[in-house]
Amino acid sequence: MKKTAVVLLCTMLILLSGCSHKEITKYNYLYKGENELWTAEYSLIGTGTCTKENDRLHYDNDCKEVLTVTYKNDVSELSNVQNLKIEYKIGSSGGSLTENHDSSNPLMKKTFTFQSGGKGVAVPLKDTVIKVKVIIDNDEQTLELKYVN
């Protein structure tokens, strides 16, 4: 009976120690910024898992990113815009959106959204400053987004 108890105890210890080689991190980051004409928010929500197998660390994550850029004034002020470009940079990654308009296809929205995500997304550090550029007909404005929570 003692031998069975010792074997059972050793088995449980081995199983429990195997579970301790996995660390899960939850991400819920929000960055905000604005200038005189635009506001922007970047959010990242997801999880990261760090596991240790055969004395090697392995990291994997699954995250969703959303960047929303909004014009502060009335959308009618954008009706004569011919070229709109929004660029953003987060560390070494980023993206852009380009829209061309004319009188038959005027710009009629004031909010622009970028969505991405999946496995292996680069997660910015909390002290990262996200750069956003809004270029309207060759007039460039910048926003800096900083971590708020």
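# Notebook: a chain of one helix and eight strands

**Entry 1, overall layout.** I counted the elements and found 1 helix and 8 strands in the chain. I kept in mind that this is a predicted model. Reading along the sequence, I noted the order α-β-β-β-β-β-β-β-β, with the helix ahead of the strands.

**Entry 2, burial and surface.** I looked up how much of the chain is covered: of its 149 residues, 28% count as buried. The exposed area comes to about 10,100 Å², and carbon and sulfur atoms supply 53% of that. I also checked how contacts spread along the sequence. Taking those between residues at least 6 apart, I found that 62% join residues at least 24 apart.

**Entry 3, strand S8 and its partners.** Which strands pair with S8? I noted S1 and S7. Strand S1 covers residues 22-34 and strand S8 covers residues 139-147; they run antiparallel and share 2 bridges. For a place to look on screen, I picked Tyr31, whose bridge partner in S8 is Tyr147.

Strand S7, residues 130-136, also pairs with S8 in the antiparallel sense, over 7 bridges. Here I marked Lys131, which has Glu144 of S8 as its bridge partner. S7 and S8 form a hairpin with 2 residues between the strands. One residue of this hairpin, Asp137, has a positive phi near 45°.

**Entry 4, Gln82.** I followed Asp137 to a residue from elsewhere in the sequence, Gln82, since the two are in contact. Gln82 is in the loop between S3 and strand S4 (83-90). Setting aside neighbours within four places in sequence, I listed its contacts as Glu99, Asn100, His101 and Asp137. I then took the C-alpha distance from Gln82 to Asn138: the two are 10.0 Å apart in space and 56 residues apart in sequence.

Why does Gln82 count as partly exposed? Its relative accessible area is 48%, and partly exposed lies between the 20% limit for buried and the 50% limit for exposed.

**Entry 5, the loop between S2 and S3.** Most residues other than glycine have a negative phi, so I went looking for exceptions. Asn54 is one of them, with a positive phi near 55°. Asp55 has a positive phi too, near 60°. Asn54 sits in the loop between strand S2 (38-53) and S3, and Asp55 is in the loop between S2 and S3 as well.

Are these loop residues buried or exposed? Asn54 is exposed because its relative accessible area is 75%, over the 50% cut-off. Asp55 is exposed with a relative accessible area of 69%.

**Entry 6, the cavity.** How many cavities of 30 Å³ or more are there? I found 1. The largest cavity has a volume of about 40 Å³. I wrote down its lining: Tyr42, Glu65, Val66, Leu67, Tyr88, Phe114, Gln115 and Ser116.

Strand S3 (56-71) and strand S6 (111-119) each supply at least two residues of this lining. I then sorted the lining by residue class and got 5 nonpolar, 2 polar and 1 charged. Glu65 is the charged one, while Gln115 and Ser116 are the polar pair.

**Places to revisit.** I would open the view again at the S7 and S8 hairpin with Asp137, at Gln82 and its contacts, and at the residues that line the largest cavity.

Notes. Residues numbered from 1 in each chain as written. Predicted model: local features only at pLDDT ≥ 70, side-chain atom pairs only at ≥ 80, totals over all residues. Heavy atoms only, no water. Helix = DSSP H or I, 4+ residues; strand = E, 2+ residues; numbered from the N terminus. Buried < 20%, exposed > 50% of the residue type's maximum accessible area, 1.4 Å probe, protein only. Contact = heavy atoms within 4.5 Å. Areas by Shrake-Rupley, 256 points an atom, 1.4 Å probe, with all protein chains shown as cover. Pairing = 2+ DSSP bridges. 1 Å grid on protein atoms, 1.4 Å probe; cavity = no way out; pocket = protein on both sides within 12 Å on 5 of 7 lines; lining within 4 Å. Points joined across faces, edges and corners; volume = space filled by probe spheres on them.
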